[in-house]
Amino acid sequence: MKSSAYHRTTLKALVAVSLTASLALATGCAKSEDDDSGSKDKNATATESKDAGQVVETPAAGGKGCTLDAYGAKKIDLSSATVGFSQSEKEANPFRIAETASLKDEAKKRGVKLLAVNAQSQFSKQISDVQDLIAKGADLLVIAPLNSDGWEPVLRAASAKKIPIVTIDRKINADPCKDYVSFIGSDFVEQGKRAADKMIEATGGKGEVAILLGAAGNNVTTERTKGFKDRIAEKAPDLKVVFEQTGDFAREKGQSVTEQLIQSKPGIKGIYAENDEMGLGAVNALKSAGKKPGAVKIVTVDGTRNAVKQIVDGWISGVIESNPRFGPLAFQTLDTFTKGEEVQQDIVIKDSAYDKTNAEADLGKAF
Ligand code: GZL
């Protein structure tokens, strides 16, 4: 998977992207080039990301750090660097729209050249996208991986040119500070636990519930499922998970799976959707079946405006945020790392949450 030893290199300065926990927003003007693959889904509307200051939790003191030396890269002036950004999923999902906008907004503010590409939810394309970014001379790579495995070709190519990689949102199964420098993301197990708390509250902790699983092959689905099930077992043993099926993080599939669900389990009391898009699909299915708002308790994860609005309308009981605004953190990393300072290998972004007590008032904070 990786060359056996990482050599100190005098190659063109390469910037490692890693993390400390502080944020700073600077001003400047930048060039952001979309690739020619039509990274914007034709139906998507770009949203200005509201890069509010993010509270970032770092691992307890003593968490592993990563430095230029440890990685074998040389200092670089950030303003002369080229950042390659690989987005995984097509921008029909507001999570992806907000995530990409956050990276572009921050590059613009900091005067950093950004080459942004989008794999349109095809893993083979994401691999070739990243290889193209390397060929175009990216000094560092920020990747929102579609899958956790299968990155070897990219890791080898980046390692050969000593181009450090940071992953955002989902993890890749590789060695930190060797194959990649840093991971920035949410605590997905905690998201599952918080979703379970909302489900227990909504259902009274009794009855049958279903899980609309996220896409297979990534840590987000695995960890959100684990958190939810662990919490149910710990806090509400009378709440039984009787149905689990993937909706691939997509609205249409969330709807079709829910249609099957209410046929096979007409007494289902709650649905845990591992992202808002599938949760909104479930709402559509329940509406089509003539159900009333709240007849089936729905809890979802992401924090999109569409889902939070459904709390106001009574269809969804709770939304746990999965904060996609990685831009400031990723570029703060560049500042810290390019100066030769140590950055954390794993940084957890804090997520907020919505329910009927704050949905209306906080709707503007959703993305
Ligand atoms: C979560 C991210 C998930 C979102 C979905 O960090 O990986 O992928 O929750 C998206 O909306 O498809």
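1. A pocket, as the word is used here, is an open set of grid points with protein on both sides within 12 Å along at least five of seven lines, and its lining residues have an atom within 4 Å of a point. The domain bounds quoted below come from an automatic or database domain assignment. The model itself is predicted.

2. With that in hand, where does the largest pocket lie? Domain 1 (4-185 + 325-350) and domain 2 (188-321) both contribute residues to its lining, so the largest pocket lies between the two domains. The space in this pocket comes to about 390 Å³.

3. The lining of the largest pocket consists of 16 residues. Those nearest the pocket's centre are Lys90, Ala92, Asn93, Phe249 and Ala250. Sorted by class, the lining has seven charged, six nonpolar and three polar residues.

4. There are also closed spaces: two cavities of 30 Å³ or more are counted. The largest cavity has a volume of about 90 Å³. Its lining, too, draws on domain 1 (4-185 + 325-350) and domain 2 (188-321), so the largest cavity lies between them.

5. Which residues line the largest cavity? They are Glu89, Asn93, Phe95, Arg96, Asp169, Arg170, Val220, Arg224, Phe249, Asn275, Asp302 and Ser322. Six of the lining residues are charged, three are polar and three are nonpolar. Two helices, α2 (94-110) and α6 (219-235), each supply at least two residues of this lining.

6. The ligand has 13 residues around it, and Glu89, Asn93, Asp169, Arg170 and Asp302 come nearest. These five names also appear in the lining of the largest cavity. A reader going through the structure can therefore take the cavity lining and the ligand surroundings together, bearing in mind that cavities are found on a grid over the protein atoms alone.

7. Three arginine side chains have an N or O atom paired with an oxygen atom of the ligand. For arginine 170 the distance is 2.7 Å, for arginine 224 it is 2.8 Å, and for arginine 96 it is 3.1 Å. Taken alone, the ligand exposes 310 Å², and the protein buries 100% of that area. Arg96, Arg170 and Arg224 are all listed among the residues lining the largest cavity.

Conventions:
Residues numbered from 1 in each chain as written. Predicted model: local features only at pLDDT ≥ 70, side-chain atom pairs only at ≥ 80, totals over all residues. Heavy atoms only, no water. 1 Å grid on protein atoms, 1.4 Å probe; cavity = no way out; pocket = protein on both sides within 12 Å on 5 of 7 lines; lining within 4 Å. Points joined across faces, edges and corners; volume = space filled by probe spheres on them. Helix = DSSP H or I, 4+ residues; strand = E, 2+ residues; numbered from the N terminus. Nonpolar A, V, L, I, M, F, W, Y, C, P; charged D, E, K, R; others polar. Near = heavy atom within 4 Å. Polar contact = N/O pair within 3.5 Å; in protein donor to acceptor, adjacent residues only side chain to side chain. Areas by Shrake-Rupley, 256 points an atom, 1.4 Å probe, with all protein chains shown as cover.
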